[in-house]
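Q: I would like to learn how to read a protein model feature by feature, beginning with how a single charged side chain is described. Could you take me through it?

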Amino acid sequence: VQDVVDWSLWIKKDARFGNVIGVGHSQGSLVGMLAANTRGAFDGYISLCGPADPIQVTLKNQLAKQLEGEALDKVNEKLDSLGKGYKIKEIPEGLESIFNAEIQPFLISWMKYNPQEQIKKMNIPNLIVGGTTDVQVPSEDAKTLAGLNEISQLAIIKNMNHVLRFTKENSVMMQLEIYGDPDLPLHPKLLKPLLKFLAQFQ
């Protein structure tokens with residue numbers, strides 16, 4: 001977050017630039033909100049597919065689609081421990097990418113922040129964007145965030161997934177190919193609300 005703030009304030013000293021608008025996607029949405037709430041860092045802010053809940057809650061919801069019973073209970077216990085600031089030693093099988101020792105300090109620091117509390121504090125123009133076929137962060141999260149700040153603007157893009165591409169598929173497995181293809185264009189209806197929001201700064 002401090003890196004984002006430092007870069008933004010440095011850019012603002014350059015006469016070639018005018019307003020600085022922050023954009024954060026997914027986990028970067030929270031990073032951007034924290035930076036936006038640092039006085040003078042941004043003049044406006046755009047959140048793309050950002051979770052409305054603390055990350056431990058989001059992870060629980062995501063993993064509930066893959067696990068059940070005792071396995072899910074054990075994972076939830078691990079997430080609760082991290083949320084309290086405690087590292088874990090026994091890593092659930094198959095979830096090393098989430099719980100490996102190197103990433104645990106990062107997760108603990110991330111879990112300290114609640115996006116809903118951050119959006120309430122924001123006093124600069126902001127746009128919250130979600131997609132209806134986002135299987136990682138439901139579009140309801142965007143509605144929740146936008147509803148907590150009277151100056152927030154909301155844009156829900158039909159058939160846009162988490163990586164901002166067009167798809168009608170609501171299954172993680174069916175979207176895997178889209179995630180792995182960097183040549184796919186962005187959703188054709190994403191640009192319009194972004195340009196409309198940015199127009200106010202001209």
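Q: How exposed is Lys12?
A: A residue is called buried under 20% relative accessible area, exposed over 50%, and partly exposed in between, with a 1.4 Å probe and protein chains only. Lys12 has a relative accessible area of 30%, and therefore counts as partly exposed. Please keep in mind that this is a predicted model, in which local features need pLDDT of at least 70 and side-chain atom pairs count only at pLDDT 80 or more, whereas totals for chains, interfaces and linings use all residues. Residues are numbered from 1 along each chain as its sequence is written, and side-chain values use heavy atoms, with hydrogens and water left out.

Q: With which residue does Lys12 form a salt bridge?
A: The term salt bridge stands for a side-chain nitrogen of Lys or Arg within 4 Å of a carboxyl oxygen of Asp or Glu. Lys12 forms one with Asp43, and their closest N and O atoms are 3.3 Å apart. The pair links distant parts of the chain, since Lys12 belongs to helix 1 (residues 2–12) while Asp43 sits in the loop between helix 2 (27–36) and strand 2 (44–48), 31 residues apart. Helices (H or I, at least four residues) and strands (E, at least two) are DSSP runs, numbered from the N terminus. Asp43, at a relative accessible area of 22%, is partly exposed.

Q: How many salt bridges does the structure hold?
A: The structure holds 5 salt bridges, and two others are worth reading beside the one already described. The side chains of Asp80 and Lys60 meet at 2.6 Å, N to O. Asp80 lies in helix 4 (residues 69–83) and Lys60 in helix 3 (residues 55–63), so this pair ties together parts that are 20 residues apart in sequence. Asp80 is partly exposed at 35%, and Lys60 is partly exposed at 23%. In another case, Lys120 pairs with Glu117, the closest N and O atoms being 3.5 Å apart; both residues lie in helix 7 (residues 115–121), 3 residues apart, which is about one turn of the helix. Lys120 has a relative accessible area of 45%, and Glu117 has 38% relative accessibility.

Q: Which residues does Glu169 touch, not counting those up to four places away in sequence?
A: Contact means heavy atoms within 4.5 Å. On that basis Glu169 touches Thr133, Met174 and Gln175, leaving aside residues up to four places away in sequence. Glu169 lies in the loop between strand 4 (152–157) and helix 9 (172–179), and is partly exposed, with a relative accessible area of 34%. Glu169 and Asp3 are 166 residues apart in sequence and 36 Å apart in space, C-alpha to C-alpha.

Q: What can be said of the protein chain as a whole, starting with its secondary structure?
A: The protein chain has 10 helices and 4 strands, and along the sequence they follow the pattern α-β-α-β-α-α-α-α-α-β-α-β-α-α. Buried residues make up 43% of its 202 residues. Among contacts with a separation of 6 or more, 64% are between residues 24 or more positions apart.

Q: How does the radius of gyration of the protein chain agree with that of a compact globule?
A: The radius of gyration is taken over C-alpha atoms, and the globule rule is 2.2 Å times the number of residues to the power 0.38. With 202 residues, a compact globule would have a radius near 17 Å, and the protein chain has 18 Å, which agrees. The C-alpha trace spans about 55 × 35 × 30 Å along its principal axes.
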